[in-house]
Amino acid sequence: MPRSSRPRPPLLTREALAAAAREALSVVSPVSCAGCGGPDVALCEGCRRRLVPEVVRVDLPGGLPVFAGLVYAFEARGVVLAFKNAGRVRLAETLAPALAAALESCAHHATTDAASAGDGFSADGSLLVVPVPASRRGRRRRGYDPVELVLRRLGLVVGVPVLVPTVRAGGGQKGRDRQQRLRGREGSLRATRDLQGSHVVLVDDVVTTGATLQEARRAVVARGAVVVGAACLAATPLRSATGSP
């Protein structure tokens, strides 16, 4: 006697399973899109597309070229803030391509510039990546260093720090103008070792006035380094007005 045919349940696609899982999790732990605030998704597809790196160049006073993978506005700003201040550490993977693109542009600029100047550095192209450390207060509050986290995601393991905050470091930068930020940053960082002969790329999360990067450059130059440029996740619209490199 033939078996009675029972209707088979429909096969679920990976997208449908993921959507079902997100819906179930949202009941227990509601989430919203880090970029636009849309419900029940950590990062929607629309915002993910807006995070495709588009490198912009900023030239700080004194001739320091800074390359940023994103413009710090709209959805990109929301994602960076969620990563930095809301504990959403998994966004490091999403933001890593922006920093990778900025680092690549900075390295290309450095080697091209060195070759045109006849600098021996261009022969081997070796660069020392030096992250700007989070403040002690910021690290205690977050429990992690955002820049270090993204560098680790890129496989650039951070060992003994080259730059550390000094005892006089502290005080927020929010609400200060550029000159106030510059004065507030003076002497707030120091290099932990001799850097004579090193060609350095500084790395930070967001460039606004550039005060932090200027102080980082001062600290490493004082120990003998040559700073070829800086790479950041994002630059503010005003700071990114110079456009792509």
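## A tour from the sheet outwards

Start with two residues: select Val 71 and Ala 235, which stand opposite each other, the latter in strand 7. Before moving on, keep in mind that this is a predicted model. Colour the chain by confidence and you have an average pLDDT of 83, with 73% of the residues scoring at least 70. Among the elements of the chain, strand 2 has the highest mean pLDDT, 97, while helix 1 (residues 14-28) has the lowest, 51.

**Stop 1: the sheet**

Now show the strands as a cartoon. Five of them make an open sheet, ordered 1-2-7-6-3, with mixed pairing. Which strands stand at the edges? Select 56-60 for strand 1 and 128-131 for strand 3: each has a single partner strand, so one side of each is left without a neighbour in the sheet. Look along the sheet and you can follow its twist, as neighbouring strands are turned by 25° against each other on average, ignoring direction.

**Stop 2: strand 2 and its two partners**

Next, select residues 64-71, which are strand 2. As a reminder, strands of a sheet pair through backbone hydrogen bonds, either parallel or antiparallel. With strand 1, strand 2 pairs in the antiparallel sense over five bridges. Pick out two of the matched positions: Arg 57 has Phe 67 as its bridge partner in strand 2, and Asp 59 has Pro 65. Between strands 1 and 2, the hairpin has three residues, and there Gly 62 takes a positive phi near 95°.

Turn to the other partner, strand 7, and the pairing with strand 2 is parallel, again described by five bridges. Is strand 2 mostly covered or uncovered? Show the surface to check: strand 2 is mostly covered, with seven of its eight residues buried.

**Stop 3: helix 3**

Move on to residues 74-85. This is helix 3, with 12 residues and a reach of 16 Å from first C-alpha to last, close to the 16 Å expected at 1.5 Å a residue. Buried residues in helix 3 include Val 79, Val 80 and Phe 83, as well as Gly 78 and Lys 84. Phe 74, also placed in helix 3, is worth a click: Phe 74 is exposed, with a relative accessible area of 72%. Its backbone deserves a look as well, as Phe 74 has a positive phi of about 50° although it is not a glycine. Most residues other than glycine have a negative phi. After helix 3 comes Gly 87, with a positive phi near 70°.

**Stop 4: another positive phi**

For a second non-glycine case, select Asp 40, whose phi is near 65°. Asp 40 lies in the loop between helix 1 and helix 2 (45-49). At 36% relative accessibility, Asp 40 counts as partly exposed.

**Stop 5: a helix across the sheet**

Select residues 146-153 for helix 7, then add strand 6 (199-207) and strand 7 (226-235). Helix 7 lies across these two and strand 3, running at about 115° to strand 6.

**Stop 6: Ala 101**

Now go to helix 4 (residues 91-117), where you will find Ala 101. Its relative accessibility is 17%, so Ala 101 counts as buried. Which residues is Ala 101 in contact with, leaving aside its neighbours within four places in sequence? Show Pro 53 and Val 55: these are the contacts. For a distance label, try Ala 101 and Glu 54, which are 47 residues apart in sequence but 8.0 Å apart in space, C-alpha to C-alpha.

**Stop 7: the cysteines**

Finish by selecting the cysteine sulfurs. How many disulfides does the structure hold? Zero. Start with Cys 47: the closest cysteine sulfur, in Cys 44, is 3.5 Å from its own, which is too far for a bond. The cut-off behind this is 2.5 Å between cysteine sulfur atoms. Cys 47 is buried, with a relative accessible area of 1%.

Then select Cys 106. The closest cysteine sulfur to that of Cys 106 is in Cys 232, 9.4 Å away and too far for a bond. With a relative accessible area of 0%, Cys 106 is buried as well.

Notes: Residues numbered from 1 in each chain as written. Predicted model: local features only at pLDDT ≥ 70, side-chain atom pairs only at ≥ 80, totals over all residues. Heavy atoms only, no water. Pairing = 2+ DSSP bridges. Helix = DSSP H or I, 4+ residues; strand = E, 2+ residues; numbered from the N terminus. Axes fitted to C-alpha atoms, helices over the stretch in contact; angles between N-to-C directions. Contact = heavy atoms within 4.5 Å. Expected span 1.5 Å × (residues − 1). Buried < 20%, exposed > 50% of the residue type's maximum accessible area, 1.4 Å probe, protein only. pLDDT = per-residue confidence, 0-100.
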